[in-house]
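Hello,

Here is the structure I promised to pass on to you. Have a look at it first, and then read on for what turned up in it.

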Amino acid sequence: MVLAAGLGQRMRPITDTLPKPLVAIGGKAMLDHALDRLAEAGIEEAVVNVHHLADKVEAHLVGRTRPRITISDERGELLETGGGVKKALPLLGTDPIFSVNSDSLWSEWGVSNIAEMAAAWDAERMDMLMLLAKREESVGFNGAGDFFRDGEGRLTRRGTAQTAPYVYAGVAISKPELYVHMPDGSFSLNRMFDFAIGRGRLFGHVLQGSWLHVDRPEAIAPAEAAFAAPPVDA
């Protein structure tokens, strides 16, 4: 599931006329970066949700075959990240679901992080497994961090700590049956994270690469520079 329905308000005025997933970084729309990462990991089918400037997103995806695209139409109501996945469950089936923010960008150091996450998935221990970026090594991110990770990979929130070492990098695997516990309509995936934390079943996989946080127009230039930089040896 690729989440492409958001308003991209922090990216205005660009997103007044261009949906954020179609903003180009490194010569390619951010949405295509996300879909290409999935294709590289062998994922053959993806659902993409649409709301803001939906016609432009749909037109951009016409003819794409890797992965094959199904549209989840949210024109009538913006459902946020969690609500968007829940609405699309009939299209996604009963297997664990990858959810990918369409503006998630990262470089890779000789491995497919999507494939590594799939290999690390353990349904016996996990309700969710998320991709984590190291806060201090991320490009364009100035926040305090989101999570702590223990020796087994289990996550807890930053809480009252001044900083935390890891940031959610916009990719997660979740069990579809968890959405039964979530409300209908609009809600954030953050509710899913907290639900899984409460059960001791939220885990994190650390990104092998550099995460690029592109949330505002002024973040585009640093992201472009990061794409132009020579690859880093792992």
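Let me begin with one helix: in α1, the buried residues are M30, L31, D32, H33, A34, L35, D36, R37, L38 and A39. That is ten of the eleven residues in the helix, which spans residues 30-40 and is mostly covered. After α1 comes G42, with a positive phi near 90 degrees. Please keep in mind throughout that this is a predicted model.

**The protein as a whole**

The protein has 13 strands and six helices. Its radius of gyration is 17 Å, close to the 17 Å that the globule rule gives for 234 residues, so the protein is as compact as a globular protein of that length. The C-alpha trace spans about 45 × 40 × 35 Å along the principal axes. Of the 234 residues, 47% are buried.

If you take the contacts between residues at least 6 apart in sequence, 71% of them join residues at least 24 apart. The accessible surface comes to about 10,900 Å², and carbon and sulfur atoms account for 50% of it. As for charges, there are 24 positive and 31 negative ones, and their mean positions are 3 Å apart.

**The aromatic cluster**

Which residues do ring pairs link into a cluster? They are F147, Y168 and F193. The count of aromatic pairs in the model comes to three. In one of them, the ring centres of F147 and F193 are 6.4 Å apart and the planes stand at 75 degrees, so this pair is edge-to-face. F147 belongs to strand β9 (residues 147-149) and F193 to helix α5 (residues 189-198), so the pair ties together parts that are 46 residues apart in sequence. Both rings sit on buried residues: F147 has a relative accessible area of 1%, and F193 has one of 3%.

F193 also pairs with Y168: here the centres are 5.0 Å apart and the planes are at 70 degrees, so this pair is edge-to-face too. Y168 is in strand β11 (residues 166-174) and F193 in helix α5, so that distant parts of the chain, 25 residues apart, are linked. Why does Y168 count as buried? Its relative accessibility is 15%, and the cut-off for buried is under 20%.

**Three buried residues and what they touch**

N113 lies in helix α4 (residues 113-120) and is buried, with a relative accessible area of 0%. Leaving out residues up to four places away in sequence, N113 touches W106, S107, E108, L131, H205, V206, L207 and Q208.

S72 is part of strand β5 (residues 68-73). With 2% relative accessibility, S72 counts as buried. Beyond its neighbours within four places in sequence, S72 is in contact with V47, V48, N49, V50, K87, A88 and L91.

G145 sits in the loop between β8 (128-134) and β9. It counts as buried as well, at 6% relative accessibility. Not counting residues up to four places away in sequence, G145 touches R135, R158, A164, Y166 and V167. Its C-alpha is 4.6 Å from that of A164, although the two residues are 19 apart in sequence.

**Backbone details to look at**

R66 and P67 are joined by a cis peptide bond, with omega about -15 degrees. P67 is in the loop between α2 (54-61) and β5.

Where do you find positive phi values in residues other than glycine? L53 has a phi near 50 degrees and lies in the loop between β4 (45-50) and α2. E80 has a phi near 60 degrees and lies in helix α3 (residues 80-92). Both count as partly exposed: L53 is at 28% relative accessibility, and E80 has a relative accessible area of 43%.

Happy browsing, and best wishes!

Note on methods:
Residues are numbered from 1 along each chain as its sequence is written. This is a predicted model: local features need pLDDT of at least 70, side-chain atom pairs count only at pLDDT 80 or more; totals for chains, interfaces and linings use all residues. Side-chain values use heavy atoms; hydrogens and water are left out. Rings of Phe, Tyr and Trp (its six-membered ring) pair if their centres lie within 6.5 Å; planes under 30 degrees apart count as stacked, over 60 as edge-to-face and the rest as tilted. Helices (H or I, at least four residues) and strands (E, at least two) are DSSP runs, numbered from the N terminus. Buried means under 20% relative accessible area, exposed over 50%, partly exposed in between (1.4 Å probe, protein chains only). The radius of gyration is taken over C-alpha atoms; the globule rule is 2.2 Å times the number of residues to the power 0.38. Contact means heavy atoms within 4.5 Å. Accessible areas come from the Shrake-Rupley method with a 1.4 Å probe; for residues, only the protein chains shown count as cover. Lys and Arg count as positive and Asp and Glu as negative; His and the chain ends are not counted. The place of a charge is taken as NZ of Lys, CZ of Arg, CG of Asp or CD of Glu.
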